Amino acid sequence: MVKTYRHESVLGFFKGMSFPMFSIAVVNSVLFGVYSNVLVALTATSHQERRGQPLNYTHVFIAGCTAGVLQSYCLAPFDLIKVRLQNQTEPRAQPGGPQPRYRGPVHCAATIFREDGPRGLFRGSSALVLRDTPTLGLYFLTYEGLCRQYTPDGQNPSSATVLVAGGFAGIASWITATPFDVIKSRMQMDGLRQGKYKGILDCVSSSFRQEGIGVFFRGLTINSARAFPVNAVTFLSYEYLLHAWE
Ligand SMILES: CN(C)C(=N)NCCC[C@H](N)C(=O)O
């Protein structure tokens with residue numbers, strides 16, 4: 001954090017931010033929309049009716065994994081651009097100085113499209129699907145389980161319960177996702193160095209050989225610290241909007 005601040009000023013912390021702001025709205029819409037509708041289809045009950053019935057954890061996990069797969073494909077291009085921009089660490093472009101490779105999210109998307117074609121925008125998407133499918137199943141399982149645990153039968157969970165359950169759901173999903181996340185980001189950056197890795201398994205084995213088991217948990221602390229508030233608010237918004245519109 002000190003190096004980023006010193007090297008790139010406070011703006012360095014918001015690098016590649018505008019795209020995720022837009023993309024997270026689209027991705028969460030697909031994530032929570034698919035989850036809710038698959039759950040309604042599997043249980044043949046509405047969100048409200050389900051409160052009064054015992055929770056079928058298998059249905060929750062299937063709905064969460066299905067949502068995880070579909071949101072991954074929406075997320076892939078946005079996530080690739082974010083990772084590429086965040087890994088550009090030269091100081092902000094000085095007039096006449098060396099220009100950074102990508103001048104912004106749109107320029108980054110256009111450059112990747114021009115150099116690698118439309119498929120280039122989905123580099124690392126297989127690793128993203130591997131990362132998000134099981135972890136989003138766990139995400140919704142943790143949320144629904146904790147809500148049920150701390151809410152009397154048949155009642156709606158209180159806002160405090162939703163915030164805490166959502167926060168821990170975010171942490172649980174990131175603890176299991178971080179190893180996949182490290183590999184995913186390396187595969188996304190690989191396109192710049194002309195294919196250092198022959199595939200996901202090669203990336204895993206060479207990362208482990210060169211940097212040891214710790215490499216798969218790099219960023220876990222910061223990911224978990226941010227995951228609690230981010231997902232607490234996400235689930236509170238979800239419950240509030242669903243309740244207001246159902
Ligand atoms: C890959 N993983 C762990 C997840 N997608 N977890 C669900 C939380 C996503 C949320 N937008 C966040 O950024 O925490």
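**Briefing: cavities, ligand shell and helices**

Arg 51, Cys 147, Arg 148, Thr 151, Pro 152, Asp 153, Gly 154, Gln 155 and Pro 157 line the largest cavity. The model is predicted, so local features need pLDDT of at least 70 and side-chain atom pairs count only at pLDDT 80 or more, while totals for chains, interfaces and linings use all residues. Residues are numbered from 1 along each chain as its sequence is written, and side-chain values use heavy atoms, with hydrogens and water left out.

**Cavities**

- A cavity is a set of points, on a 1 Å grid over the protein atoms alone, where a 1.4 Å probe fits but cannot get out; lining residues have an atom within 4 Å of a point.
- Two cavities of 30 Å³ or more turn up in a search of the whole structure.
- The largest cavity holds about 60 Å³ of space, where a volume is the space filled by probe spheres set on grid points joined across faces, edges and corners.
- Its lining is made up of three nonpolar, three polar and three charged residues.
- In these classes, Ala, Val, Leu, Ile, Met, Phe, Trp, Tyr, Cys and Pro count as nonpolar, Asp, Glu, Lys and Arg as charged, and the others, Gly among them, as polar.
- The second largest cavity has about 40 Å³ of space, and its lining consists of His 47, Arg 50, Arg 51, Leu 55, Glu 144 and Arg 148.
- Four residues of this second lining are charged, one is nonpolar and one is polar.
- Helix α3 (47-51) gives the largest share of the second lining, three residues, and α6 also supplies at least two.
- Helices here are DSSP runs (H or I, at least four residues), numbered from the N terminus.

**Ligand**

- The shell around the ligand (residues with a heavy atom within 4 Å of it) consists of Ile 24, Arg 131, Asp 132, Thr 135, Leu 136, Tyr 139, Ser 173, Trp 174, Ala 177, Arg 226 and Asn 231.
- By class, five of the shell residues are nonpolar, three are polar and three are charged.
- Helices α6 (125-149), α7 (159-190) and α9 (220-245) each supply at least two residues of the shell, and the largest share, five residues, comes from α6.
- A nitrogen atom of the ligand is 3.1 Å from a polar side-chain atom of Ser 173.
- An N or O atom in the side chain of Arg 226 lies 2.6 Å from an oxygen atom of the ligand, and for the side chain of Asn 231 the distance from an N or O atom to a ligand oxygen is 3.0 Å.
- On its own the ligand has 380 Å² of accessible area, and the protein covers 92% of that; such areas come from the Shrake-Rupley method with a 1.4 Å probe.

**Transmembrane record and helix α2**

- An unreviewed UniProt entry lists residues 20-45, 57-78 and 160-183 under "transmembrane region"; such annotations may be inferred rather than shown by experiment.
- Residues 57-78 are 100% helix and 0% strand, and their end C-alpha atoms lie 31 Å apart.
- Residues 160-183 are also 100% helix and 0% strand, with end C-alpha atoms 35 Å apart.
- Thr 43 belongs to helix α2 (residues 18-43), and its side chain reaches the backbone oxygen of Leu 39 at 2.7 Å.
- The side chains of Thr 43 and Thr 45 are joined by a polar contact of 2.9 Å.
- A polar contact is a pair of N or O atoms within 3.5 Å; within protein, one must be able to donate a hydrogen and the other to accept it, and residues adjacent in sequence count only if both atoms are side-chain atoms.

Key:
On a 1 Å grid over the protein atoms alone, a cavity is a set of points where a 1.4 Å probe fits but cannot get out, and a pocket is an open set with protein on both sides within 12 Å along at least five of seven lines; lining residues have an atom within 4 Å of a point.
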